[in-house]
Amino acid sequence: KNIVVMISGNGSNLQAIIDATTSGYINGKIVAVISNKASAYGLERAKKANIPTFVFARKQFSDNLAMDSAIAEKIEQLNADLIVLAGYMKILTPEFTQRFTGKIINIHPSLLPKYAGLNTHQRAMDAGDTEHGMTIHFVNEEVDGGAIILQSKVPIYPDDELDDVIQRVYEQEHRCYPLVVEWFCSNRLYLKNGKAYLDEQQ
Ligand code: GRF
């Protein structure tokens with residue numbers, strides 16, 4: 001399958017997926033990395049792996065709709081089967097998400113439906129939660145609201161610093177995202193009537 005990864009920053013999840021395609025763990029090819037930030041470090045990671053990169057900056061477009069439709073056209077040109085949001089920090093228009101229903105997945109650093117949006121780790125700690133984690137879900141027009149595919153939990157200990165929690169969740173993200181991409185690429189994972197399904201391994 002052809003995979004497009006969309007990023008805005010560091011790209012450590014992108015790196016995990018690059019590594020998993022290189023090793024053959026994922027039966028697919030990253031055909032492009034798209035960023036809305038020219039300074040995203042993830043673009044360097046892509047270049048190092050010889051993956052084409054494209055930057056779509058908001059200021060090049062009159063509005064979000066024009067920007068997303070330019071991205072959508074690029075994705076269609078690339079014959080992408082799967083769009084992987086990996087720290088893409090701009091909310092996609094409903095026109096975009098509906099165009100690719102069942103083909104876009106996102107990773108979010110909380111146990112959704114808890115803590116949609118930003119600063120999830122700090123919010124979980126402030127609330128005194130003893131459990132936190134990450135969620136991978138299909139993307140629909142509702143931000144962080146699409147069908148859940150996989151969640152992984154981590155503990156929060158009383159003496160944790162913010163960075164301990166961030167690292168603990170990252171470990172799960174880097175383990176789980178390649179797994180879910182592989183499920184999709186091997187045709188086991190799909191969205192039907194707004195729900196995520198995983199078929200048994202053949
Ligand atoms: C991750 O925590 C992901 O869950 C969230 O944005 C962060 C991206 O990190 N959506 P990275 O750019 O993959 O390192």
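Residues 1-181 have end C-alpha atoms that lie 10 Å apart, and 36% of the span is helix and 23% strand. UniProt, in an unreviewed entry, assigns to residues 1-181 the feature "domain: Formyl transferase N-terminal". The model is a predicted one, and the chain has a mean pLDDT of 98, with 100% of its residues at 70 or more. For the complex, the predictor reports an ipTM of 0.97 and a pTM of 0.97.

Helix H6 covers residues 162-185 and makes a pleasant check on geometry. Its 24 residues, at 1.5 Å a residue, should span 34 Å, and the end C-alpha atoms are indeed 34 Å apart, so expectation and model agree. A number of H6 residues are buried: Val-165, Val-169, Gln-172, Glu-173, Cys-176, Tyr-177, Pro-178, Val-180, Val-181, Trp-183 and Phe-184. Just after H6, the backbone at Asn-187 adopts a positive phi of about 60°.

Turning to the ligand, 14 residues surround it, and the closest of these are Asn-10, Ser-12, Asn-13, Gly-87 and Pro-109. Two elements, helix H1 (12-22) and strand E5 (104-108), each give two or more residues to this shell. The largest share, three residues, comes from H1. By character, the shell around the ligand divides into eight polar residues, five nonpolar and one charged.

Note on methods
Residues numbered from 1 in each chain as written. Predicted model: local features only at pLDDT ≥ 70, side-chain atom pairs only at ≥ 80, totals over all residues. Near = placed C-beta within 6 Å. Helix = DSSP H or I, 4+ residues; strand = E, 2+ residues; numbered from the N terminus. Nonpolar A, V, L, I, M, F, W, Y, C, P; charged D, E, K, R; others polar. UniProt positions renumbered as here; feature names shortened; annotations may be inferred. Expected span 1.5 Å × (residues − 1). Buried ≥ 20, exposed ≤ 12 C-beta atoms within 10 Å, placed from the backbone. pLDDT = per-residue confidence, 0-100.
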